[in-house]
Amino acid sequence: MVKLLKNLLKSPMFVIGVSIFLITLAIAFLGPVFYDVDTNARDIVAGPYAPSSAEHILGTDHLGRDYMSLLISGLRSSLYVGFVAGIIATTLGVFIGLFGGFRGGWVDEVLNMGTNLFIVIPSFVILVLISSAVKDGRSLTLIGLIIGLTTWSWSARAVRAQASSLRSRDHIALARINGASSFTIVIKHVLPYLLSYVFMVFIMQISSGILSEASISMIGLGPLDSTSLGIILNQAKDNGALSDGIWIAFLPATLIITLTVFALYLVNTSMEGVFNPRLRK
Amino acid sequence: MSENIFEVENLSLHYLGRFGDKTHAVTDVSFNMKQGEILGIAGESGCGKSTLVSGLMGMCIPPLYPTSGDVRVRGESLMNRTVEDIRSNVLAQKVSMIPQGAFNALNPVRKIKDIAADVIAAHQKPGSSMKASEIYERLRSRFDLFGMDTDRVLNSFPIQLTAGERQRSVIGISTLLNPQMVIADEPTSALDVSTQKEVIKMIFDLLDKGIFSTMIFITHELPLLYHVADNIAIMYAGEIVEKGTAEQVVKDPRHPYTKALMGAMLSSEKSQRTRKPVAIEGAPPSLAKKIVGCRFAERCSFARPECKKNTQNIRMVGDREVRCEYAQ
Amino acid sequence: MLSNKSIVFSAKNISKTFGAGKKITTAVNNVSFDIYDGEIISIVGGSGCGKSVLAKIMLGLYGPSKGKFHYNGKKITNLKKHWNDVQSVFQDPFSCFNQFFTIRSQLEDAFNILKKKPSKEEIKRRVDEGLLAVNVTPSDIEGKYSFELSGGQMQRMLLARIFALRPKVLIADEPTSMVDACVRANILDYLMKLKEELQMTIVFITHDIGLANYVSDRIFIMHDGMIVNSGTPEEVLDNTRETHTLKLLDDIPEVHKKEWIKNSHRSKNKEAS
Ligand SMILES: Nc1ncnc2c1ncn2[C@@H]1O[C@H](COP(=O)(O)OP(=O)(O)OP(=O)(O)O)[C@@H](O)[C@H]1O
Ligand SMILES: Nc1ncnc2c1ncn2[C@@H]1O[C@H](COP(=O)(O)OP(=O)(O)OP(=O)(O)O)[C@@H](O)[C@H]1O
Ligand SMILES: [Mg+2]
Ligand SMILES: [Mg+2]
């Protein structure tokens, strides 16, 4: 474990990725300590599109709200949605993948069919349909939940492949003739081998959660109870910031989303590089 | 007299435990090998043969560390070099290693030809990399030499091949860059006798065709070593206890442990069949503690009281080396 | 001679296939045999001939695709009950242990299968005894994990597990392929002692024909999923004309063999020169 961490820290990709991600986390959660953030995004502090000033670093938006404050609370919401979606998708995916991969036989086939179905059905379409169906009470948590429930299939597939390759190892057979129950076998003899993998899947799911939320909010189906980065973009779009060339209204938000997702991507790929050499021989 | 191609001088290796404890798996091993020699190493299970192989390659990957001593290939030392250095400058090009159980651990989702390309690419100097197609061509002509069904084997996944085909592929791949020396760790222990014979035939073929010239062959099966090796070294608890020609060690063992090994042999030959193998009780000393006196004394049927106190050194008995002061 | 003993395993035309359609492999092909109580059987054959699959059928880990397989006259239905009697040493010791738990805890876990689980002290004592029987000092593996042992040591741990557990039936898949002759002799001594004591029935799967001859009452020679020859060691090793058996015998590297590998200048014991 310590050795793995050491190897990870040797990978520049990992260090850069983790650093960027930690910075975004710091902005989101330590930001309000240093900057006056209005989490409800209601306070109108100046005229529309006020230029940047000492008080309002990035100026204001079309309504005259502090733009920096919007960004920080937007980032918090986006990360929150990412985590909610990530946890739900990972738990669901790991559970389904583990169970199918470990049991094999018809259980596996049924679960695998379900997984593949979810992979081919574009989850974004489902997301749009569900979101537009729930008109009232479309909260941040609900959006995270819906994203999680529609994107688990990738983790299920990844975990299933790993679990079924473990299934043929003799230590599983030995556990069985020791009288261990299926539950014990999965928890004691399969899951520990997959932990690093589960972690990777989790990171991937967070980043896809953040992206999904941004996309759905962009087209106006985002949460109604808070400001996320996607909603900032949506409002910028609706108010013609793009055509008017008011770059400050959309560029920072886009940049932050890209950076966060990119950081998670770096972490994920570098971990794959460190965890997989044992496949080499 | 030809010069030594491989020299091992007082090599000792240890594993560093999680709590800072040391397991001295290999102690004071020395031997030289000449061009064309096959040296067999046999010994008690757990006596440090596989560890010695890592040491001989200079591949001391933590928790394994060199304690002291030196290993030289044609005068070039392999000790105290980084694993990356060994991997890209020594492995597969000067010395090749066939690890214990490697043919059962091949990546199941890659075809033999892709595994070959991976292995070769990993062990090459940065400047001189071969293309995958080039590697494939070489592999083809190499496999053709041994009468293998080349196209089928190269385009198969490991599980589609028999154990013998897998092991021969591993040997084919690891000798692709014409190393001078090959170190094989129990390459045939998991195989049935017919497959084992096929693999040995292939190794003899490679030697005869000059693909490589010198070999260390590790197994616990002395009758096999007798047929394969020129010289045999017997290990016990991290030390070499006897080294001589195959004829000497198998037919006329002098060290009490070698004698015990021969006495425990089972044979299917009619004349030998009724002989009961003689077991020796007890276990070798723990390698994690300091050992006083002869390491085999506790279990030796010839032991004298002073054996438990006197550390034994290698001495010459006739023209062979034995680590026992009472050996005749 | 054996007919008055009860039958432990009985196989009637059993086959086991994997996959379906074009990619079908027949691992065991229409095999029939009876194994009697207290017998030692060795199964010998080339790699891939179906020995391990047959072992897993006896263990109940696989069901036969065709045919009838009975243990004590009944189909194997209750696996936990089956494993209370029938235990096994698997072939590949490198993949038999979980690297996240100590060896000792995994050896002690084996006692969970027993209907009457002994006390903690009793388990510890029996595990220690099993370890000594495979030439391992118990304190040497205290707190150790599988990756800290050599191949042969791991294999011996699997045997120690059996010696501690003392099952009625043992199915051992190449149990001594990685240990030296002294350890092997010791293991066999202990096994014979246990067998006498418990009337154990043992199925040895091995490529070591010397060992098969030494321990077994009967030897089965397998080839391509079928049992092609069977009988007492004398019948199978001395008086046979079955080609697969002859080939196996011819390929054993006996010290006294003349030119084990023909036409190589490296061969020993040549007639001339
Ligand atoms: N789970 C499985 N799925 C598909 N095919 C299998 C499976 N297990 C075994 N086989 C196939 O069945 C055949 C017999 O395999 P088995 O492992 O019984 O051979 P073996 O006689 O034990 O050989 P070895 O001496 O190499 O251990 C082989 O062709 C193998 O590929
Ligand atoms: N990672 C490790 N940490 C601590 N001790 C180890 C480690 N790996 C091996 N050992 C110990 O070092 C000794 C030598 O092991 P090695 O694998 O070299 O034996 P071997 O001679 O190859 O045995 P075998 O014939 O069974 O393969 C053994 O006693 C083993 O317990
Ligand atoms: Mg070894
Ligand atoms: Mg097998």
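In this predicted model, the buried residues of helix α4 of chain A are A:V107, A:D108, A:T115 and A:I119. These four lie on the same side of α4(A), because the arc they cover around the axis is only 100 degrees. The pattern fits a general rule: an α-helix has 3.6 residues a turn, so residues three or four places apart point the same way. The cover over the buried residues of α4(A) includes α3 (67-103) and α7 (153-167) of chain A. The other side of α4(A) carries exposed residues, namely A:W106, A:E109, A:M113, A:L117 and A:V120. The length of this helix can be checked as well: at 1.5 Å a residue, the 16 residues of α4(A) (residues 105-120) should span 22 Å, which agrees with the 23 Å between its end C-alpha atoms.

Turning to the contact between chains, chain C contributes 54 residues and chain B 58 residues. Together they bury about 4,900 Å², with 53% of that area on carbon and sulfur atoms. On the chain C side, C:W260, C:R266 and C:K268 supply 15% of the area buried against chain B, more than any other three residues. Chain C and chain B are also joined by 2 salt bridges; one salt bridge pairs the side chains of B:K197 and C:D251, at 3.1 Å from N to O.

Chain B also helps to hold a metal. The magnesium ion (ligand 3) is coordinated by B:S50 through OG and B:Q100 through OE1, at 1.9 to 2.3 Å. These two residues are 50 residues apart and link distant parts of the chain: B:S50 belongs to helix α1 (residues 49-56), while B:Q100 sits in the loop between β6 (95-98) and α3 (112-122). B:S50 counts as partly exposed because its relative accessibility is 28%.

Technical notes. Residues numbered from 1 in each chain as written. Chains lettered and ligands numbered in written order. Predicted model: local features only at pLDDT ≥ 70, side-chain atom pairs only at ≥ 80, totals over all residues. Heavy atoms only, no water. Donors = N, O, S within 2.8 Å, 3.2 Å for Na, K, Ca; no water. Buried < 20%, exposed > 50% of the residue type's maximum accessible area, 1.4 Å probe, protein only. Expected span 1.5 Å × (residues − 1). Arc of directions from axis to C-beta. Contact = heavy atoms within 4.5 Å. Buried area = accessible area lost by both parts, 1.4 Å probe. Salt bridge = Lys/Arg side-chain N within 4 Å of Asp/Glu carboxyl O.
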